[in-house]
Amino acid sequence: MLTVAAQPFAFALPPGRAALVVIDMQRDFVEPGGFGETLGNDVSRLTAIVPTVARLIALFRASGWPVIHTRESHDAALADCPPAKRDRGAPSLRIGDAGPMGRILVRGEPGNAIIAELAPAPGEIVIDKPGKGAFYATALGDILRLKGITHLVLAGVTTEVCVQTTMREANDRGYDCLLIEDATESYFPEFKAATLAMIRAQGGIVGWTAPLAALEAAVAES
Ligand code: TIU
């Protein structure tokens, strides 16, 4: 058992039963011209975490532990996109519209790909998800059960939307979850700070948070 210095208290990580879930590190959220920018966001904030997420992925690969990637995406016919999602607000382009990186948030389009720096390695699982949470309408729960996974380490974007939704879904399903503080980011710094605080409040009501260095130190000591 590894012991990670975390908040609100130490996170016990059992090797062989933990998986990394990297949420939505896609061009659609991180690069200009994608879904995130159509919603009015400054996407440049998100690129800062890319080297840290790469280090986190490398740590799991070096340890032989599973790495799972997710993509927020819809099929070309938008059959899995609720009208309530497409019609919400006043974006500059809606889901399915043609943008500079192809159709916004549509599976297989250039903008929907995971950024090259964090590309999945051969054999790593990639979950396409139509919602904000990675468990909703996907096989993630079955995949984790088949692998005997009980603990999740989470990273990716955005902290208060897809990362937090996934962490809450996982917490309700009985997984112990650790969010890596410097491997997640939001378009809104105050929302990131609030999300980290609410996750670890009330004795870890949603789970734990820790910087990547704390996980690296725990692995080095093991
Ligand atoms: N808009 C926003 O902050 N996020 C999303 O729509 N998706 C994810 O967080 N991946």
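1. Let's start with one residue and work outwards. Leaving aside its neighbours within four places in sequence, Glu 181 is in contact with Gln 7, Lys 192, Leu 196, Arg 200, Thr 209, Ala 210 and Pro 211. Please keep in mind as you look around that this is a predicted model. Glu 181 belongs to strand β9, and several of the residues just named will come back below.

2. Is Glu 181 buried or exposed? Its relative accessibility is 17%, and buried means under 20%, so Glu 181 counts as buried. Try finding its side chain in the viewer, and then look at the partners described in the next two points.

3. One partner of Glu 181 is Arg 200: the two side chains meet in a salt bridge, at 3.5 Å from N to O. This pair links distant parts of the chain, with Glu 181 in strand β9 and Arg 200 in helix α7, 19 residues apart. The two ends of the bridge fall into separate classes of accessibility: Glu 181 is buried at 17%, whereas Arg 200 is partly exposed, with a relative accessible area of 21%.

4. Which side chain makes a polar contact of 2.6 Å with the side chain of Glu 181? The partner is Thr 209, a residue of strand β10. Thr 209 has a relative accessibility of 0%, so it counts as buried. A polar contact of 2.7 Å also joins the side chain of Thr 209 to that of Arg 200. Put together, Glu 181 bonds to Arg 200 through a salt bridge, Glu 181 contacts Thr 209, and Thr 209 contacts Arg 200.

5. Thr 209 has further neighbours worth clicking on. Not counting residues up to four places away in sequence, Thr 209 touches Ala 6, Gln 7, Leu 178, Leu 179, Glu 181, Leu 196, Ile 199 and Arg 200. Compare this with point 1: Gln 7 and Leu 196 are among the contacts of Glu 181, and both are also touched by Thr 209.

6. Now for helix α7, where Arg 200 sits. The helix covers residues 189-204, which makes 16 residues, and reaches 21 Å from its first C-alpha to its last, close to the 22 Å expected at 1.5 Å a residue. Which residues of α7 are buried? They are Lys 192, Thr 195, Leu 196, Ile 199 and Gly 204. Among the elements that cover them are α6 (159-172), β9 (176-185) and β10 (208-210).

7. Lys 192 deserves a second look. Besides being one of the buried residues of α7, Lys 192 is linked with Arg 45 and Glu 185 in a network of salt bridges. Lys 192 is also among the contacts of Glu 181.

8. How many salt bridges does the structure hold? There are 13, and two further examples make a nice contrast. Asp 97 and Arg 86 meet through their side chains at 3.5 Å, N to O. That pair links distant parts of the chain: Asp 97 lies in the loop between α4 (83-86) and β5 (98-99), and Arg 86 in helix α4, 11 residues apart. Asp 97 is partly exposed at 25%, and Arg 86 is partly exposed at 27%.

9. The other example lies within one helix. The side chains of Asp 142 and Arg 145 form a salt bridge of 2.4 Å, N to O. Because these residues are 3 apart in helix α5 (residues 140-147), about one helical turn separates them. Asp 142 is partly exposed, with a relative accessible area of 44%, while Arg 145 is exposed, at 57%.

10. Finally, please look at strand β8 (residues 151-157). Why is β8 described as largely enclosed by the rest of the structure? The reason is that 7 of its 7 residues are buried. In a regular strand, side chains alternate between the two faces of the sheet. In β8 both faces are covered: His 151, Val 153, Ala 155 and Val 157 are buried on one side, and Leu 152, Leu 154 and Gly 156 on the other.

11. What are the strand partners of β8? Strand β3 (residues 18-23) runs parallel to β8 and is joined to it by 6 bridges, with Leu 20 paired to Val 153. Strand β9 is also parallel to β8, again with 6 bridges, and here His 151 stands opposite Asp 176. Together, β8, α6 and β9 make a right-handed β-α-β unit. That brings us back to β9, the strand that holds Glu 181.

Methods. Residues are numbered from 1 along each chain as its sequence is written. This is a predicted model: local features need pLDDT of at least 70, side-chain atom pairs count only at pLDDT 80 or more; totals for chains, interfaces and linings use all residues. Side-chain values use heavy atoms; hydrogens and water are left out. Helices (H or I, at least four residues) and strands (E, at least two) are DSSP runs, numbered from the N terminus. The expected span of a helix is 1.5 Å times one less than its number of residues. Buried means under 20% relative accessible area, exposed over 50%, partly exposed in between (1.4 Å probe, protein chains only). Contact means heavy atoms within 4.5 Å. A polar contact is a pair of N or O atoms within 3.5 Å; within protein, one must be able to donate a hydrogen and the other to accept it, and residues adjacent in sequence count only if both atoms are side-chain atoms. A salt bridge is a side-chain nitrogen of Lys or Arg within 4 Å of a carboxyl oxygen of Asp or Glu. Two strands pair if DSSP finds at least two bridges between them. A crossover is right-handed if, with the strands pointing away from the viewer, the path from the first strand over the helix to the second runs clockwise.
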